[in-house]
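These notes are meant for a colleague opening the model for the first time. Please keep the structure in view while reading.

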Amino acid sequence: MPIDAQLDVGVGTINSMLSVGVGQRLGLFAGSGVGKSVMMGMLARFVKADVVVVGLIGERGREVQEFVIDNLGSGLQRAVVVACPADDSAALRLRGARLATQIAEVYRDQGKNVLLLMDSLTRVAQAQREIGLAMGEPPTSKGYTPSSFAWLPRLVERAGCGETAESGAITGFYTVLMEEDDLQDPIVDAARAILDGHIVLSRTLAEQGLYPAIDIGSSVSRLMNRLTSVEQQGYAQRFRALWQCYREQQDLINIGAYRPGSDPLTDEAIARHDAMVAFLRQSEADAWRVQLEKSSAGKLAQCREQREQAQAQQSELGRLELEYRQQHLEKTQTSASAYQQFLRFYHQLSQAVQAQQGVVQRLEAQESAQVQKYVICHQDRRAIKSQLDSNLQKLIIAIDGRFDFSAHKDFREAYEDLDAKPNSYQIDMTEAQYIDSSALGMLLLLRDHAGGDSADVEIVNCNADAAIGPNTMKSGSGNRVLVADDNAVDRKLLAKIVGSAGFEVVEAVDGNDAVDKYFSDKPDLVLLDALMPGRDGFSVARAIKAHETDEFVPIIFLTSLTEASDLARCVEAGGDDFLSKPYNHVVLKAKLQAMQRMRETNQTVQLQRDEIARHHMQLVADQEAAKAVFDNVAHTRNLETPYIKYLLSPLAMFNGDVLLAAQNPANSVYILLGDFTGHGLAAAIGTMPLADVFYSMTAKGFTLSQIVKECNRKLGSVLPPGYFCCATALMLDFNRSTVEVWNGGLPSAYLRKADSNDIRLLASNHLPLGISSADKFDDATLVYEVELGDRLFLATDGVIESRNEAGEYFGSDTLEDIISQGASHDLFHRVQQAVNSFVNFDGRDDDLTMVEITVVTPDKVQPAEVVDDVEALGGPRDWKFSYELGPQSLKDFNPLPLLQQVLMGAPYLRTKATAIYAVLAELYSNALEHGVLGLRSEMKSSADGFAAYYAARVRALESVKGFVRFDFEGELVDNDVHLQIIVTDSGKGFDFETFVARARNAVDTVGGYHGRGIRLLWDLCETVNYVEPGNQIEMNEILNEELLGELKLIMEDEFGDLMQTFLVESQKQFHSAKSAWDGGDFANLRLSAHSLKGSCANVGAEQLQQTCALLEDQAKAGIGDRVPELLAQVSTQLHDVHGLIESL
């Protein structure tokens, strides 16, 4: 149906300037804080509509209640509110908008005129945006999806007039939020296109205090021309022109720059501005007055019309009466019968005149009363309410709360009629769906006190439960409340309110009864009167709290006390809150619900605490089990030796520091001290892969460089980003009296000499483990000579970074002073005592580890444990395998650790691990050098000869051809181990019979740097046999008893001294050259390069010797363009030479 009737919205600006039709759809465009909610409330209360449907979509939850109570007010009687706050899901917010529209449609189909207020259309679009983005729709302007814009017309188009004349209409007001007051916002623009008009609320007008802040220049109603007269349209246009003219010239007017007479339109706008502002400004009281004026004016006009009709009838009757009187005088001579008939008619006419006079008088009285009401309507609404309140003041006895007459039509009319009929009246509350407690109290007081003894006032059809309001608690919640009050009336009222809120009520008549009921009925919450005879509420609260367990039972004090000290006593006695008398049921219910939430929160916390305790116990058990596994993996058994002292002091259960010790097959001692990132389990997790690599590779005879390189690779592959291990690794060779060091990121280690206070710093010169990739990792080590009684001291940064109570660090200088002073034999004890005295262990923030190793004689190093019962070790009982190396492997691969690992797969061979490793080393060296390479051992008869032998070996390896093959066969029979090793090479062989005979008959004549290998094999093996033509050797039954003495003999000969001297001196010379280059000292660079060249000549390292010569030439000429390149070559070549010497 078309829109052809104007709707009175109760707002003068809209009615006059933006006229709205019944069934029209308008937008209410506003930013935040410009009176949008107040405008919606005015529309809900004053629009002439049968039903008001309000959709509060996406607003804050607190604003819903405020809108219903403060803004909607009396309009709630004819309103339906659908609220979906912002914390609801997007789907639920969309459903709320649809539901509000559906409810409006139902009432429209019933023939009612419906006002639909949708707040807000923007929140609806935002809800659809969330869903659209989640479904993968592409975002457009300001992130809105296409479906967000498509959804708006589907919602808005459902409002409007019905399809038939009998149907009602939906007049829709849709609020649209303008972010930053932007009229070009995409949702604002889309809404403007689909609505029948829009009303813009201006922030500028709101800041000027002009409410409603309607910007008439930016607002428009598209149906105004159809709904209003041409005269009204002309006035509206003239008003807009004057208003807009004034706004354009306002700056000039405010500063006095406008000259009157310059523009007639501006002059008129200035003259009428105050009147225009007064016309546009409209308060809620003004709206009420307009409504009352309309109502009173209508009744007054009706009364006047009735009075005028009565007066006209009276005048007619008067005229007739005069006429008949004249006729009576003229016709005195008529017949008696006619005269009698005339008299009867005259008397009837006189009675009619008198009756009509009574009607006129009664209508005049009614008109006078309506005029009086009309005059009262022009008074302020607050004055009317104040007058009514003063008239009822005598009836208000101990009633708390504000009574809104406008919200309770039944009571207002009842009171007015009670004044008219003070002696008998019946108040029917059938239609009162909901009244507050103050209204019910007033009705009860009216019944009991209004008319005195003669009054007969009865309240019927009143649901007393309605006075308490709707039950907001879940039905059957089972929460029990103890109400303790000696006043029976207060106690019953409290019980009624509490019971209606869904609680089970237990009543106590005094303090002693309250204590008894508390322990017998186990309430969940206590309402306690503070002042009771006998035992007061303070004593009761203390008794309850004294026996309170983990279960939280809130206590709310009910008191008429108002002094701050008295209220403080309530809290000190154990109260959790208090409520002042007289009671406000709204506040009481809110406090009950708040305490219930606190109690539920406390129960949740207790459950969580118990759950945390259980998880903690399980966590501790898991940690203890995990720690046992960690301790077994990173065991300290090898540290329990007389020459090692150590301290492991973790900050937590798991230690982020790791200290490992092991022996290789040659009984050299390996030590690794590591400090992982952080502390606790996260730091200790890297211990397992590190210990696994360290122990397994040490037992297989790998060099220190190979071990740290593999440790770096392993940690780099298993540790997460940002985690690494600072470590110092040592290899102590007590036979050679040397220590090999690799330090990556830990504080400097210290070498303290036994016979002096001299110390040497073994500083860090590498990155920590787990940072560098395998191809960039630097595994170069430093070798230092040590003497009997020297001490090596290592510590993590937890020692030097320890702090005392003043926050001062222990520091490396303090540690160095302690190490360098005093006797060396109690070094570890002195450091430990100094740290313990300095550190505040309660304030520690890192693990603390330190270790001291004393250089001892080789016989102090205990070999690995020997298991007598080899049967118990298990493993394969009979086996054999072959292993052959080709030319590429012979060049640069050391097969001994791999072969050792395979052989140790038979556990019963581990008792002979050291002897097997020595035999394999001797066999492989002979097969490679004498068999494949064809070198003669006689070349090693002197130091110079050995150097030539080594140089020839290096050259031969560059073009090596041939193979070396190992054949192994083992068997375990009746706890007796049998092992056979056959080594075959591709060489031509030699006259082994002459060699063996000469070696056996003239052992003493064998000297120099050769001839001891065959004797080692004879001592370690039961049988040693060469096979024709001498390129194969067979050994059986490796023994273990004579091994250590023979190894000591070999390691202490001149060959060992020569190689050891090169290892130590070459490292010193290289680092001296590097330091000289870093300092720009070409003279020292030349001397260091010259010394290193000489050391290389002693051992036949020709390629390294040539590189050093080039470096010396560069330093001599003072040219540094190739020095970095040459130093890098020297480092690489020196590392290769050291590795080769270690393998030998």
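The numbered points below go through two sheets, a helix, some aromatic contacts and an annotated histidine.

1. The model is predicted, so local features need pLDDT of at least 70 and side-chain atom pairs count only at pLDDT 80 or more, while totals for chains, interfaces and linings use all residues. Residues are numbered from 1 along each chain as its sequence is written, and side-chain values use heavy atoms, with hydrogens and water left out.

2. An open sheet of five strands follows the order E14-E13-E15-E16-E17 with parallel pairing, where strands (E, at least two residues) and helices (H or I, at least four) are DSSP runs numbered from the N terminus, and two strands pair if DSSP finds at least two bridges between them. Strand E14 (504-508) and strand E17 (577-580) are the edge strands, each pairing on one side only. On average, neighbouring strands of this sheet are turned by 20° against each other, direction ignored; axes are lines fitted to C-alpha atoms, for helices over the stretch in contact, and angles run from 0 to 180 degrees between N-to-C directions.

3. Within this sheet, five bridges pair strand E13 (residues 480-484) with E14 in the parallel sense, and Val483 stands opposite Glu507 in E14. Helix H18 (residues 488-500) lies across E13, E14, strand E15 (525-529) and strand E16 (555-559), running at about 165° to E14, whereas helix H19 (residues 511-521) lies across E13, E14 and E15 and runs at about 145° to E14; contact here means heavy atoms within 4.5 Å.

4. Another open sheet has five strands in the order E19-E20-E21-E22-E25, and its pairing is antiparallel. Strand E19 (657-663) and strand E25 (782-785) each have a single partner strand, so one side of each is left without a neighbour in the sheet. Its neighbouring strands are turned by 15° against each other on average, direction ignored. Helix H24 (residues 687-699) packs on this sheet and touches E19, strand E20 (669-676) and strand E21 (725-733), its direction making about 15° with that of E19. Four bridges join strand E22 (residues 738-744) to E25, and Glu740 stands opposite Val783 in E25.

5. In helix H27 (residues 812-820), the buried residues are Leu815, Ile818, Ile819 and Ser820; buried means under 20% relative accessible area, exposed over 50% and partly exposed in between, with a 1.4 Å probe and protein chains only. Their cover includes strand E23 (749-752), strand E26 (791-795) and helix H28 (827-838). Gly822, just after H27, takes a positive phi of about 80°.

6. The count of aromatic pairs comes to 16, where rings of Phe, Tyr and Trp (its six-membered ring) pair if their centres lie within 6.5 Å, and planes under 30 degrees apart count as stacked, over 60 as edge-to-face and the rest as tilted. The rings of Phe990 and Tyr1026 have centres 5.6 Å apart and planes at 90°, so this pair is edge-to-face. It links distant parts of the chain, 36 residues apart, with Phe990 in the loop between strand E30 (976-985) and helix H33 (992-1001) and Tyr1026 in strand E31 (residues 1021-1027). Phe990 is partly exposed, at a relative accessible area of 37%. Elsewhere, one aromatic cluster is formed by Trp879, Phe881, Tyr924, Phe966 and Phe968.

7. His1090 is found in helix H37 (residues 1082-1099) and is partly exposed, with a relative accessible area of 45%. The UniProt annotation "modified residue: Phosphohistidine", from an unreviewed entry, covers His1090; UniProt positions are given in the numbering used here, feature names are shortened, and annotations may be inferred rather than shown by experiment.
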